[in-house]
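This report walks through one structure step by step, beginning with a single residue and its surroundings. Please keep the sequence and the 3D view at hand while reading.

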Amino acid sequence: RGVAPIASALTDVYQPTTGVPMTVIQLHGMKDAVCPYEGGDSPTGHTFLAAEESIGRWAGYNTCAKSPNTTTTSEGSTRIEYVGCAAGVGVVHYGFPSAGHGIPGNTEGGLNALIWDYFQSHE
C-alpha cells in the first residue's frame, strides 16, 4: 500500500481524506514548470499545492509526527521525512534542485531503486 508521485503534488481539489494509511514517496524537480514546486497554476489546468505542503498533507493523513526531519543528500537534494506514522507507513519527499518536470532516472542512485527501497523499508 503506497504511492510514489513523480513530478506531481496534491491539488487544491484532490487531497487524501479517508482510508487506510499508505506509504508515500514524493519525487519532485524544483525547476518544474508543469507542476510548480512552489505550487500554483499549471498549464495542465490544475492548481497544485507547493510540493512541501503536499507532503505535509500526506503526513497529516497518515497521522505522522508534526515536525519532519529535513536533510540534504550527498547529491544536494532536499529530503523531508515524517516519522511516527500510523500503521508503520512512511512519508518522504525528495526535492531535486536541478531537475524540472523530467527527473533523470539515475538521480539519487536511480529513481526506481529509491522508490523500491523506501517501500521495502515500510512494509
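## One residue and its neighbours

Leaving aside residues up to four places away in sequence, Arg-79 touches Asn-69, Thr-70, Thr-71, Thr-73, Val-92, His-93, Tyr-94 and Tyr-118. The model is a predicted one, and in it Arg-79 belongs to strand 6, which covers residues 78–82. With one of these neighbours there is also a polar contact, since the side chains of Arg-79 and Tyr-94 are joined at 2.7 Å.

Is Arg-79 buried or exposed? Its relative accessible area is 19%, and because a residue counts as buried under 20%, Arg-79 is classed as buried.

## The sheet

Five strands make up an open sheet with mixed pairing, and their order across the sheet is 1-2-7-6-5. Strand 1 (2–3) and strand 5 (69–72) stand at the edges, where each has a single partner strand, so one side of each is left without a neighbour in the sheet. As general background, strands of a sheet pair through backbone hydrogen bonds, and this pairing may be parallel or antiparallel.

Strand 1 and strand 2 (residues 23–29) run parallel and are joined by two bridges. Within this pairing, Gly-2 stands opposite Thr-23 of strand 2, while Val-3 has Val-24 as its bridge partner in that strand. Strand 2 also runs parallel to strand 7, to which six bridges join it, and here the bridge partner of Leu-27 in strand 7 is Tyr-94.

## A buried strand

How many residues of strand 2 are buried? The count is seven of the seven, so strand 2 is largely enclosed by the rest of the structure. Thr-23, Ile-25, Leu-27 and Gly-29 point one way from the strand, whereas Val-24, Gln-26 and His-28 point the other way, and all of them are buried.

## Helices across the sheet

Helix 1, made of residues 51–61, lies across strand 1, strand 2, strand 6 and strand 7 (91–96), and helix 1 runs at about 170 degrees to strand 7. Helix 2 (residues 111–120) packs on the sheet as well, touching strand 1, strand 2, strand 6 and strand 7, and the direction of helix 2 makes about 155 degrees with that of strand 2.

Glu-53 is one of the residues found in helix 1, and with a relative accessibility of 36% it counts as partly exposed. This residue is 20 places from Ala-33 in sequence, and the distance in space between the two, from C-alpha to C-alpha, is 17 Å.

## Aromatic pairs

A pair of aromatic rings is described by the distance of the centres and the angle of the planes. The structure holds two aromatic pairs. One of them is formed by Trp-58 and Tyr-61, with 5.7 Å from centre to centre and 90 degrees between the planes, an edge-to-face arrangement. Both residues lie in helix 1, where they are three residues apart, or about one turn of the helix. Trp-58 is buried, with a relative accessible area of 11%, and Tyr-61, with a value of 17%, is buried as well.

Tyr-94 and Phe-96 also form an aromatic pair, which is stacked, with 6.2 Å between the centres and 15 degrees between the planes. Both Tyr-94 and Phe-96 are buried. Tyr-94 thus links several parts of this report, being in a polar contact with Arg-79, a bridge partner of Leu-27 and a member of the stacked pair with Phe-96.

Note on methods. Residues are numbered from 1 along each chain as its sequence is written. This is a predicted model: local features need pLDDT of at least 70, side-chain atom pairs count only at pLDDT 80 or more; totals for chains, interfaces and linings use all residues. Side-chain values use heavy atoms; hydrogens and water are left out. Helices (H or I, at least four residues) and strands (E, at least two) are DSSP runs, numbered from the N terminus. Buried means under 20% relative accessible area, exposed over 50%, partly exposed in between (1.4 Å probe, protein chains only). A polar contact is a pair of N or O atoms within 3.5 Å; within protein, one must be able to donate a hydrogen and the other to accept it, and residues adjacent in sequence count only if both atoms are side-chain atoms. Contact means heavy atoms within 4.5 Å. Two strands pair if DSSP finds at least two bridges between them. Axes are lines fitted to C-alpha atoms, for helices over the stretch in contact, and angles run from 0 to 180 degrees between N-to-C directions. Rings of Phe, Tyr and Trp (its six-membered ring) pair if their centres lie within 6.5 Å; planes under 30 degrees apart count as stacked, over 60 as edge-to-face and the rest as tilted.
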